[in-house]
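Open the model in your viewer and show side chains as sticks. This tour goes from charged pairs to a pocket.

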Amino acid sequence: MAHSITMLSDITPLKENWKIKVRIIQLWEKPDYYKKTEIKAIEMVLIDEKGSKIQAIIKKFLMDKFKNLMKEGSSRIIANFGVELNLGKHRPTIHTYRINFFYKTIVKECGDDKLPLYGLELFSFDKILQNEIDYAILVGVIFGLFILHI
């Protein structure tokens, strides 16, 4: 893995020998559409030191190889993966592309404290009500209830 670290904003499908340093800020198992008890893939949102985020996918046939290496909150150096267009109605990031793990993909622990712990992007309630956000990108909503005791 002698090639240099690439920022997520610079990733394109033009090559497969990228090397990135990221934190896994979200990780979930995607169930099979027809067999709900079976896992189809592991999906993640990765963040780099500049705060750029990208979706990554480990398909079913590679889950045994990578599952124990990928933990939410951990920092990793990942190299030799595929990059494809991030299409679909509901995407977890605004990045144009997403990462696909290959059998030749390399994952190493790095423990970098410079990587952000979270990738929160806050929107005002007014922006949501006025449809000023991209609804193809998944967003979380936090509702708070404050009770004052006098």
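Partly exposed describes a residue whose relative accessible area falls between the buried range, under 20%, and the exposed range, over 50%. Keep that scale at hand. The model is predicted.

**Stop 1: Lys67 and Glu29**

Select Lys67. Its relative accessibility is 42%, so Lys67 counts as partly exposed. Now add Glu29. The two residues form a salt bridge, with 3.0 Å between the closest N and O atoms. Trace the backbone between them: Glu29 sits in strand β1 (residues 19-31), while Lys67 sits in the loop between α1 (63-66) and β4 (75-79). The partners are 38 residues apart, and the pair links distant parts of the chain. Glu29 is partly exposed as well, with a relative accessible area of 38%. In total, the structure holds four salt bridges.

**Stop 2: Glu43 and Lys30**

Stay on β1 and select Lys30, then Glu43. Here the closest N and O atoms of the salt bridge are 3.5 Å apart. Glu43 belongs to strand β2 (residues 39-47) and Lys30 to strand β1, so this bridge ties together parts separated by 13 residues in sequence. Is Glu43 buried or exposed? Glu43 has 7% relative accessibility, so it counts as buried, the cut-off being under 20%. Lys30, at 35%, counts as partly exposed.

**Stop 3: Lys60 and Glu38**

Select Lys60 and Glu38. Their side chains meet in a salt bridge, 2.9 Å from N to O. Both ends are in loops: Lys60 in the one between β3 (53-59) and α1, Glu38 in the one between β1 and β2. They lie 22 residues apart, and the pair links distant parts of the chain. Lys60 is partly exposed, with a relative accessible area of 45%. Glu38 also counts as partly exposed, at 29% relative accessibility.

**Stop 4: the second largest pocket**

Return to Lys30 and Glu43, and add Gln55, Ile57 and Arg98. Of the 17 residues that line the second largest pocket, these five lie nearest its centre. Turn on a surface here. The second largest pocket holds about 210 Å³ of space. Which strands each supply at least two residues of its lining? Colour β1, β2 and β3: each of them does. Next, colour the lining by residue class. You should find six nonpolar, four polar and seven charged residues.

Finish with Glu43 and Lys30 in view: they form a salt bridge, and both are among the residues nearest the centre of the second largest pocket.

Methods
Residues numbered from 1 in each chain as written. Predicted model: local features only at pLDDT ≥ 70, side-chain atom pairs only at ≥ 80, totals over all residues. Heavy atoms only, no water. Helix = DSSP H or I, 4+ residues; strand = E, 2+ residues; numbered from the N terminus. Buried < 20%, exposed > 50% of the residue type's maximum accessible area, 1.4 Å probe, protein only. 1 Å grid on protein atoms, 1.4 Å probe; cavity = no way out; pocket = protein on both sides within 12 Å on 5 of 7 lines; lining within 4 Å. Points joined across faces, edges and corners; volume = space filled by probe spheres on them. Nonpolar A, V, L, I, M, F, W, Y, C, P; charged D, E, K, R; others polar.
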